[in-house]
Structure formats: C-alpha cells, structure tokens
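Let's take a walk through a protein together, from the inside out. Keep the picture open while you read, and look for each residue as it comes up.

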Amino acid sequence: MPTITYHQPSGAARTLTVEEGTSVMRAAVVAGVPGIVGECGGQAMCATCHVYLRPGAEELPPIGEDEDEMLDCTVAERTDRSRLGCQVTVTGDLQDLEVDVPAEQV
C-alpha cells in the first residue's frame with residue numbers, strides 16, 4: 001500500500017499508509033496531521049493544504065491553472081517544491097511520497 005510521510009517544521013515525522021488515489025490533504029485531515037487544514041475540502045479554492053514535496057515526486061502531473069493561482073495565496077513562502085495537498089494523490093507510479101508541512105497555513 002502507498003505511504004505518505006509528513007515532516008513537521010519541528011523535525012517530527014509521521015507516516016500514514018493510505019489507499020491508492022488518496023490525496024495528501026485528505027489523508028492528513030482524516031488522520032489529524034497537524035498543519036494541514038483543508039478548509040475548502042479539496043477543491044483547490046484555498047491554500048490551507050500547502051505542502052513542499054521532497055525529491056521522489058517527479059512523476060506527478062504538472063501544476064494545473066487553479067492550483068497555480070492558489071499557490072500564489074499561501075501564507076508560507078511558495079517555492080518550486082510547493083503544491084496543494086488536495087491536488088496531489090498517491091498512485092501506482094508514486095507509492096511513497098514525502099512532504100514537508102509549512103510552519104503556517106492560515
């Protein structure tokens with residue numbers, strides 16, 4: 001089964017085993033991972049599930065127009081590793097994903 005590891009600003013990390021097709025945001029919200037809010041419920045209409053992808057996620061589809069627009073609204077600095085967790089899902093090509101959770105979301 002796929003896994004997602006959430007690295008907190010404190011250095012703590014938590015790894016979740018998830019069903020294929022699960023988004024980074026949904027898994028975090030269901031499991032109560034700190035720092036992932038997901039106010040819009042996964043519609044790419046806020047930026048409260050902003051994460052920084054760690055190397056190994058090169059197979060992900062490129063950022064879409066809506067996601068790109070919302071990434072300009074993040075509280076934490078946008079970088080070339082920034083993605084919205086609601087738009088990133090684990091699939092057959094991407095079984096083990098690691099993300100850094102920003103220090104602030106809202």
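**From the core to the surface**

Let's start with a residue on the outside: Asp 93 is exposed, because its relative accessibility is 65%, and exposed means over 50%. Keep in mind that what you see is a predicted model. You'll find Asp 93 in the loop between β4 (82-84) and β5 (96-100). It has company, too: together with Glu 20, Glu 58 and Glu 59, Asp 93 makes up a patch of negative charge on the surface.

Now head inside. How many residues does the largest nonpolar core have? The count is 27, and the residues with the most contacts within this core are Tyr 6, Val 24, Leu 84 and Leu 97. Two or more core residues come from each of β1 (3-7), α1 (24-31), β3 (50-53), α2 (65-71) and β5. Helix α1 gives the largest share, with four residues.

Next up are the charged pairs. Side chains of opposite charge can pair when their charged atoms come close. This structure holds six such salt bridges. Take a look at Arg 78, which forms a salt bridge with Asp 68, with 2.5 Å between the closest N and O atoms. The two partners sit 10 residues apart and link distant parts of the chain: Asp 68 belongs to helix α2, while Arg 78 is in the loop between α2 and β4. Arg 78 counts as partly exposed because its relative accessible area is 29%, which falls between the 20% limit for buried and the 50% limit for exposed. Asp 68 is partly exposed as well, at 35%.

Arg 78 has another salt bridge to show you, this one with the side chain of Asp 72, at 2.7 Å from N to O. Buried or exposed: which is Asp 72? With 59% relative accessibility, Asp 72 counts as exposed.

Another pair to find is Asp 100 with Arg 81, a salt bridge whose closest N and O atoms are 3.2 Å apart. This pair also links distant parts of the chain, since Asp 100 is in strand β5 and Arg 81 is in the loop between α2 and β4, 19 residues away. Asp 100 counts as buried because its relative accessibility is 14%, and buried means under 20%. Arg 81, on the other hand, is partly exposed at 33%. Zoom out a little and you'll see that Asp 100 and Arg 81 belong to a network of salt bridges that also links Arg 54 and Glu 98.

Two more loop residues deserve a stop. Pro 55 is found in the loop between β3 and α2, and Pro 55 is exposed, with a relative accessible area of 76%. If you'd like to get a feel for scale, find Gly 11 too: Gly 11 and Pro 55 are 44 residues apart along the chain, and their C-alpha atoms are separated by 17 Å.

Finally, find Ala 44, in the loop between α1 and β3. What is special about its backbone? Most residues other than glycine have a negative phi. Ala 44 has a positive phi, near 55°, and is not a glycine. Ala 44 is also buried, because its relative accessible area is 9%.

Key. Residues numbered from 1 in each chain as written. Predicted model: local features only at pLDDT ≥ 70, side-chain atom pairs only at ≥ 80, totals over all residues. Heavy atoms only, no water. Patch = residues over 30% accessible without salt bridge, like charges linked within 9 Å, V, L, I, M, F, W, Y side chains within 5 Å. Areas by Shrake-Rupley, 256 points an atom, 1.4 Å probe, with all protein chains shown as cover. Salt bridge = Lys/Arg side-chain N within 4 Å of Asp/Glu carboxyl O. Lys, Arg positive; Asp, Glu negative; His and termini not counted. Charge placed at Lys NZ, Arg CZ, Asp CG, Glu CD. Buried < 20%, exposed > 50% of the residue type's maximum accessible area, 1.4 Å probe, protein only. Core = buried A, V, L, I, M, F, W, Y, C linked by side-chain atoms within 4.5 Å.
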